[in-house]
Amino acid sequence: MILLAPPPITSALHLSPASTLALVVIVSALGGGVNAIAGGGTLLTFPSLIALGIPPIVANATSTVALWPGSAASIWGYRGALSGSRRWALWFAMPSFAGGAVGATLLLHTTDARFAALVPWLVLAATVIFMLHGPVMRWLRERAAPPAGAAGDIAITAGRPLLVVLLAQLGISVYGGYFGAGIGILMLAALGFMGLANIHRMNGLKAWGGLCINAMAAGIFMFGGLVSWHVALAMAVGSIAGGYGGARMAQRVPQAWVRWAVVFVGLASGVWLYVAHGRGLL
């Protein structure tokens, strides 16, 4: 179902439009801060947007568009890690663009009722993926090779056949274009299983893949009329403020506390969303 314009937003909490947008800024600031400290901010922002009365599909599409500039900025920080990997990055972009387009197109053709029924399972799946972040990162660090400036593209593709790597990225990208929470850890895990060992280069490729996925999805969502622009602007303002504040607090707040708080919110949100929307799948 392709929408030409997002439906008007009516707060589920019976708030005025101005109060709803103010809460969007606050929630986005919290999400941006959590992302800066420990990651997983989407597990806070997405259920909160739905609780504020924003339709699930619009909330998902708007979040993708609002957060894409941050993704574009983050890739700049990984430019050094991608040095010598230009050829691989170009290969990696193809399934990312294609999968992001497929996932976003699937969302455009998903009815509101069907997506609302899927939402709790998507949130719970993303929460489980987020919970796996610690074990996966420990596994990657244990097997990580020392950074080698001369490793180049050959080392990147030495672990598994290139086609297997690209097919794995295609599957992750379809999920990323459709919903997207947790794609970072999925890409890191897939790259690790495929034989990559340099964690810095893996983070760079992860950021590059996410940028490509979300660029394609954001364009399709904008063309499909799924974006609530005043909500997107409010989210952008909040996430910038929260990201800056979170970066300042990152040295003072134990990441483990924040991560467990995100897991709790994710699980609680998944249960609440199931009670409110998800029973249609059963």
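## Close-up views of a predicted all-helix model

**View 1. The second largest pocket.** The second largest pocket of this predicted model holds about 190 Å³ of space, where a pocket is an open set of points on a 1 Å grid over the protein atoms alone, at which a 1.4 Å probe fits and which has protein on both sides within 12 Å along at least five of seven lines. The volume is the space filled by probe spheres set on the points, which are joined across faces, edges and corners. Lining residues, defined as those with an atom within 4 Å of a point, are Phe 130, Met 131, His 133, Gly 134, Pro 135, Arg 138, Ala 256, Arg 259, Trp 260 and Val 263. Two or more of the lining residues come from each of helix H5 (112-131), helix H6 (133-143) and helix H12 (255-276), helices being DSSP runs of H or I with at least four residues, and strands E runs of at least two, numbered from the N terminus. By class, the lining has six nonpolar, two polar and two charged residues, with Ala, Val, Leu, Ile, Met, Phe, Trp, Tyr, Cys and Pro taken as nonpolar, Asp, Glu, Lys and Arg as charged, and the others, Gly among them, as polar.

Residues are numbered from 1 along each chain as its sequence is written, and side-chain values use heavy atoms, with hydrogens and water left out. Because the model is predicted, local features need pLDDT of at least 70 and side-chain atom pairs count only at pLDDT 80 or more, whereas totals for chains, interfaces and linings use all residues.

**View 2. Ring pairs that involve helix H5.** The structure holds four aromatic pairs, a pair being two rings of Phe, Tyr or Trp (its six-membered ring) with centres within 6.5 Å, called stacked if the planes are under 30 degrees apart, edge-to-face if over 60 and tilted for the rest. The rings of Phe 115 and Tyr 178 are edge-to-face, because their centres lie 5.7 Å apart and their planes stand at 65°. This pair joins distant parts of the chain, with Phe 115 in helix H5 and Tyr 178 in helix H8 (residues 162-178), 63 residues apart. Phe 115 is buried at 0% relative accessibility, and Tyr 178 is buried at 13%, where buried means under 20% relative accessible area, exposed over 50% and partly exposed in between, for a 1.4 Å probe and protein chains only. Trp 121 and Tyr 274 also form an edge-to-face pair, with ring centres 5.6 Å apart and planes at 65°. Here Trp 121 of helix H5 is linked to Tyr 274 of helix H12, 153 residues apart. Trp 121 is partly exposed at 38% relative accessible area, and Tyr 274 is partly exposed at 24%.

**View 3. The largest nonpolar core and its ring cluster.** Of the 65 residues in the largest nonpolar core, those that touch the most other members are Val 24, Phe 46, Phe 115, Tyr 175, Phe 179 and Phe 221; such a core is a set of buried Ala, Val, Leu, Ile, Met, Phe, Trp, Tyr and Cys residues joined through side-chain atoms within 4.5 Å. Helix H10 (residues 199-223) gives the most to this core, with nine residues. Ring pairs join Phe 46, Tyr 175 and Phe 179 into a cluster. Leaving aside residues up to four places away in sequence, Phe 179 touches Phe 46, Asn 60, Phe 115, Leu 122, Val 123 and Ala 126, a contact meaning heavy atoms within 4.5 Å.

**View 4. The enclosed helix H2.** Helix H2 (residues 42-51) is largely enclosed by the rest of the structure, because seven of its ten residues are buried. These buried residues are Leu 43, Leu 44, Thr 45, Phe 46, Pro 47, Leu 49 and Ile 50. Just after H2, Gly 53 takes a positive phi of about 100°.

**View 5. Two residues of helix H8.** Ser 173 has its place in helix H8 and is buried, with a relative accessible area of 0%. Not counting residues up to four places away in sequence, Ser 173 touches Pro 95, Ser 96, Gly 99, Gly 100 and Ile 213. Leu 170, also placed in helix H8, is partly exposed at 31% relative accessible area. With the same sequence neighbours left out, Leu 170 touches Pro 95, Ala 98 and Gly 99. Leu 170 and Met 94 are 76 residues apart in sequence, while their C-alpha atoms are 8.5 Å apart in space.
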